[in-house]
Amino acid sequence: MKIHDLAPAPGAHRARRRVARGTGGKGGKTAGRGTKGQKARNSVKPGFEGGQLPLTQRIPKLRGFKNPFRVEYNVVNLDDLDALELEAVTPDVLREAGVVHHKGLVKVLGRGEVTRAITVEAHAFSRTAADAIKAAGGSVTVVPPPYGDRRPPVRGNALANR
């Protein structure tokens, strides 16, 4: 048997109906779209209700809310820090090593273990991570965010920053 001999089982594959290919076969002429009108011309946007206010605008509670001032952290775990084998760890060092994204704040979480004393600087620490680093003889320093004691800069479109 060769690859060109392979075929699906008889009756397993059925050819799709080719509509709008002339009046000789099924689905000819109007191709099952009726006659004239907007729906026959392939121009109806999804969610369009004929000019009536669409459901997504009528019921705003269904759309949700995304807080533009939410503070999101790039997370690093203790086992990641231990694998780096560095004595001093800062957010810039983590970015250069490719451990965290080049933008945003850094938070250290407590998965894994630290086997040696390291000094860690980050924007936030979980309690278990801070305790584990201190227990290993290291030190923990909280770096202030780049926007100071104010709220984070807004993310979104030009209208969001009014």
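Here are some friendly notes on the strands, a ring contact and the largest pocket of this predicted model.

1. **The three-stranded sheet.** A good place to begin is the sheet built from β1, β3 and β5. These three strands make an open sheet, they are ordered β1-β3-β5, and their pairing is parallel. β1 (73-77) and β5 (124-125) are the edge strands, each having a single partner, so one side of each has no neighbour in the sheet. If you are new to sheets, it helps to know that strands pair through backbone hydrogen bonds, either parallel or antiparallel.

2. **How β1 meets β3.** Follow β1 alongside β3 (residues 105-109) and you will find five bridges, in the parallel sense. Two residue pairs let you check the register for yourself. Val75 is opposite Lys107 of β3, and Asn77 has Leu109 of β3 as its bridge partner.

3. **How β3 meets β5.** Two bridges join β3 and β5, again in the parallel sense. To find this pairing on screen, look for Val108, which stands opposite Phe125 in β5.

4. **A charge over a ring.** Lys107 deserves a second look. Besides standing opposite Val75, Lys107 places its charged end over the ring of Tyr73, 5.7 Å from the ring's centre. How many aromatic pairs are there? The count comes to zero by the rule used here.

5. **Strand β4 and its partners.** Now turn to β4 (residues 119-122), which pairs with β2 (residues 88-89) through two bridges in the parallel sense. In that pairing Val89 stands opposite Val120 of β4. β4 also pairs with β6 (residues 139-142), here through four bridges and likewise in the parallel sense. Ala122 has Val142 of β6 as its bridge partner.

6. **Two faces of β4.** Which residues of β4 lie on its covered face, and which on its uncovered one? Val120 and Ala122 make up the covered face, while Thr119 and Glu121 make up the uncovered face. Those covered residues also appear in the pairings above: Val120 opposite Val89, and Ala122 with Val142.

7. **The largest pocket.** Finally, have a look at the largest pocket, which holds about 350 Å³ of space. Its lining consists of 15 residues, and those nearest the centre are Glu72, Gly104, Leu105, Tyr147 and Arg155. What classes of residue make up this lining? Seven are nonpolar, three are polar and five are charged. Leu105 links this point to the earlier ones, as β3 covers residues 105-109.

Methods: Residues numbered from 1 in each chain as written. Predicted model: local features only at pLDDT ≥ 70, side-chain atom pairs only at ≥ 80, totals over all residues. Heavy atoms only, no water. 1 Å grid on protein atoms, 1.4 Å probe; cavity = no way out; pocket = protein on both sides within 12 Å on 5 of 7 lines; lining within 4 Å. Points joined across faces, edges and corners; volume = space filled by probe spheres on them. Nonpolar A, V, L, I, M, F, W, Y, C, P; charged D, E, K, R; others polar. Phe/Tyr/Trp six-rings, centres within 6.5 Å; stacked < 30°, edge-to-face > 60°. Lys NZ or Arg CZ within 6 Å of the ring centre and 35° of its normal. Pairing = 2+ DSSP bridges. Buried < 20%, exposed > 50% of the residue type's maximum accessible area, 1.4 Å probe, protein only.
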